[in-house]
Amino acid sequence: MNRKGMFLFLLAISVCFLSGCWSKRELTDLAFISAYSLDLTEEGNYEATVQVINPGNITSGLQGGGGGASSPPVIVYSVTGENLSDMDALVTKKLSRTPYYAHTDLVVISDELAKKEGLPPILDELDRDIEFRTTTTVVISKETKAKDLLTTLTGTDRVSATKIVKTLDTTEKMLGENLRVNVHELITQITSTGKEPVLPSFTLKGDPLQGKTVNNVQSSELEAAPEADGLAMFKEGKLIDWIDGETARGTLWTLDKVQTTITSISWEKEKKAIAYKVMRQKTKVSATLTKGKPKLSISTRAEGDIAEVKVPVDLTDPHVIKKIEKELGKEIKSEIEKAVQQAQQNKSDIFGFGEVVHRTDPKAWKKLEKEWNDRTFAELEVDVKVEALIRRTGLVNNSLHTTLKKEGE
Amino acid sequence: MEKAKISSYQLFTLIFLFQIGSAVWFPVSLDAKQDAWLATHIAMAGGFCLFFMYYGLYRYYPDLPLTEYVQRVLGSVLGKGLAFFYVLYFTYVAASIVRDFGELLATIAYPTTPLFILNVLFLLVVVYTVYKGIEVISRTSEVLFVAMCLLLLSGILLIMISGIIHIENLKPVLEEGLSPVIKSAFAETLYFPFGQMVAFAMIFPYVKEREKVKRTGLWAVGISGLLLALVAAGNISILGLEHASRAQFPLLASIQSIKVAKFLERLDIYFILFVMIGGFIKLSLFFHVAVMGTSHLFQVKHPSHLAYPMGIVVLLVSMTTASSYTEYMEEWRAVYLPYIDSSFQAVIPVLLFIIAFFKNRKKAV
């Protein structure tokens, strides 16, 4: 064949290959799944629920109730089955479009499933699937069906998956009682012998039946709304306990995940009289071993400002500031100690102390590894040191209470 | 031997892209656990030794490629036999690279496309490049090298910014002592990718500036080795040992976990580009040396005429070598790596070098 002929031949062949898109999927034929949830049915099967975005209704009415939108921004479909891939296929009986998991933001797992079956059976599919991202956030539903968190319509952020993820982000940043964990981190923690996972939990306040209807978002106070509610503690892949309030924050302190938060102390018998806003903090966990027996020490250094004062205190006096700092240190220390205690009672090393020991003394870890959670961790001696530093006092130096007190005298 | 010439800079880019070609996305030296980066360093030292050997042979026969000088070293009959086996070896490596690629693309990007189609498409491009000759391959690699550098720099930057590196995952260093690290380095990483440099024994004679071959080669091996060690350390510090050793393609998993400023995420395309650039050069080179070796051996006047027919051979071998990815990997680990690779990359060149040394000493006397 001459050169020209060859060239034309190749050109003709490439047409066949270039024009075809083998695995093409049109946008209008895809069902974007924003959230995925798993419940346990009474027969012991899984119930998977997918939350599909209803594209036409996302853009209309960005703020609040949405006004004219008569159909909801998301549609939810549920199927039951014995494994996840099976259910992914079964759900297509109800969907008109191909389910597309690459943009899934959230996985909700019900507390019942997490308690009875544990997480490992469901994680493999999430890890193996190409479409599904391991950066997806995982949440445990607390005292509610996981499905109900997806069916409830939400206000400002109209897709409840977005709402839940954003709530987590915000509350982790502002309060520090919740933390965002993704599938990848969860798997890493479950497979590690020196660290057990903690996951954020969400609960549904209100009536789930009310939450399903568009009416839910047409009043200024939502009838039903998902709410972040502490942390779930795991052991060997199974949910064993909840961590709430200050203890949850203590957990985040220990995990070095607190960004900003408010800590309050009592002052002259007035409870929570002085509020302190933590601006930045650093927590270090280290281990020392004596004769093969580990001892952990946690040292926290927090920096922040005075946020509020309810009693007359002389904030212009450095000695007083020092005294407040000391009290604050004690307060944070007690939070951390509570968290450590709860974990020790449950014999679940959610802080990764085991990994710290492993890194410090790999040889000793070999001996400790087997009985780490059940014996060594549970009886571990933990030393907590907290240093809280007050840098500024806000726009006011002495509180108006000081003036009020003087007038009173 | 075609009358092509390549510059030492082109040689550098060729070696660099060749080395990181398929090694960058394979789980390299993970037998050494969190010390994979150390194992890569040790293997790199071994790689330098191998390079010196190939270079030494090149110094004895600066005008001849490997398949020719084996005939000078071992005599015509034995040499031709060995050259024939080398050609088979190069062909098989080319086929295995095609298979690697097909498997990777079928796994991550084109799940419903048959492997055969992926392999055909990839080979079509490569066959055309090889048909055009080594100069074209070198110029392509010169261009792609720049692209690769930009990708690497921006990739490293993104990973650093997104704050997903947890250096503590690399601890404890040398948990089990030095022996598993050395074992992993010399059982696996030395032959993949460092030993594959044996293909350059066929390329060195093309280089214009002969005195620069040594320096260029050492730099290229050193830099690509350091990069591989960096990738190994990066994967483990990002993913943790457990996940990194479970992942089919650890680098992909690492890249997928990049998240910068809530919009720079899902950068899988980085991975695909790494793979395509490196793999293209690596496959082109192996396929080129296979074609050149065949043409010398059977005295075919126009080596490029062999490109298309041999492309079909490579395609068929790549398809028939194993029925599943698991089988393919097992084949590689159990037979290919410990026996075939080690003999063609290390044992035979050492013997050749020793014989060549004595032969040439006699001549000198």
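This is a guided tour of a predicted model, moving from the whole of chain A to selected strands and helices and then to the interface with chain B.

**Chain A as a whole**

Begin by selecting chain A alone and displaying the C-alpha trace, which spans about 100 × 65 × 60 Å along its principal axes. With a cartoon switched on, the secondary structure of chain A comes to 15 helices and 13 strands. Of the 409 residues in this chain, 48% count as buried, and among contacts in chain A with a separation of 6 or more, 73% are between residues 24 or more positions apart.

**The annotated span**

Next, select residues 229–394 of chain A, which an unreviewed UniProt entry annotates as "domain: Spore germination GerAC-like C-terminal". This span is 36% helix and 42% strand, and its end C-alpha atoms lie 30 Å apart.

**Strand β7 and its partners**

Now move to strand β7 of chain A, residues 198–205, where seven of the eight residues are buried, so that the strand is largely enclosed by the rest of the structure. Adding strand β6 of chain A, residues 137–141, shows a parallel pairing with β7(A) over two bridges, in which S141(A) has F202(A) as its bridge partner. Strand β8 of chain A, residues 225–235, pairs with β7(A) in the antiparallel sense over seven bridges; to find one register point, select V198(A) together with M233(A), its bridge partner in β8(A).

**The four-stranded sheet**

Then select β10, β11, β12 and β13 of chain A, which form an open sheet in that order with mixed pairing. The edges are held by β10 (261–267) and β13 (381–392) of chain A, each of which has a single partner strand, so one side of each is left without a neighbour in the sheet. If you look along the sheet, neighbouring strands are turned by 40° against each other on average, with direction ignored.

Within this sheet, isolate strand β11, residues 270–290, and strand β12, residues 293–309, both of chain A, which run antiparallel and are joined by 16 bridges. A convenient pair to label here is S286(A) and S297(A), since the former stands opposite the latter in β12(A).

Two helices can now be added to the view. Helix α10 of chain A, residues 245–254, packs on the sheet and touches β10, β11 and β12 of chain A, its direction making about 45° with that of β11(A). Helix α12 of chain A, residues 353–360, lies across β11, β12 and β13 of chain A and runs at about 40° to β11(A).

**A stop at A307(A)**

Is A307(A), a residue of strand β12 of chain A, buried, partly exposed or exposed? With a relative accessible area of 45%, A307(A) is partly exposed. Leaving aside neighbours within four places in sequence, A307(A) is in contact with I262(A), A275(A), Y276(A) and K277(A). For a distance to draw, take the C-alpha atoms of A307(A) and T260(A), which are 47 residues apart along the chain and separated by 12 Å.

**The interface with chain B**

Finally, bring chain B back into view and select the residues of the contact, 28 from chain B and 22 from chain A. The two chains bury about 2300 Å² between them, 53% of it on carbon and sulfur atoms. Across this interface the rule finds three salt bridges, and one to display is that between the side chains of R133(A) and D268(B), at 3.2 Å from N to O.

Methods. Residues numbered from 1 in each chain as written. Chains lettered and ligands numbered in written order. Predicted model: local features only at pLDDT ≥ 70, side-chain atom pairs only at ≥ 80, totals over all residues. Heavy atoms only, no water. UniProt positions renumbered as here; feature names shortened; annotations may be inferred. Buried < 20%, exposed > 50% of the residue type's maximum accessible area, 1.4 Å probe, protein only. Pairing = 2+ DSSP bridges. Axes fitted to C-alpha atoms, helices over the stretch in contact; angles between N-to-C directions. Contact = heavy atoms within 4.5 Å. Buried area = accessible area lost by both parts, 1.4 Å probe. Salt bridge = Lys/Arg side-chain N within 4 Å of Asp/Glu carboxyl O.
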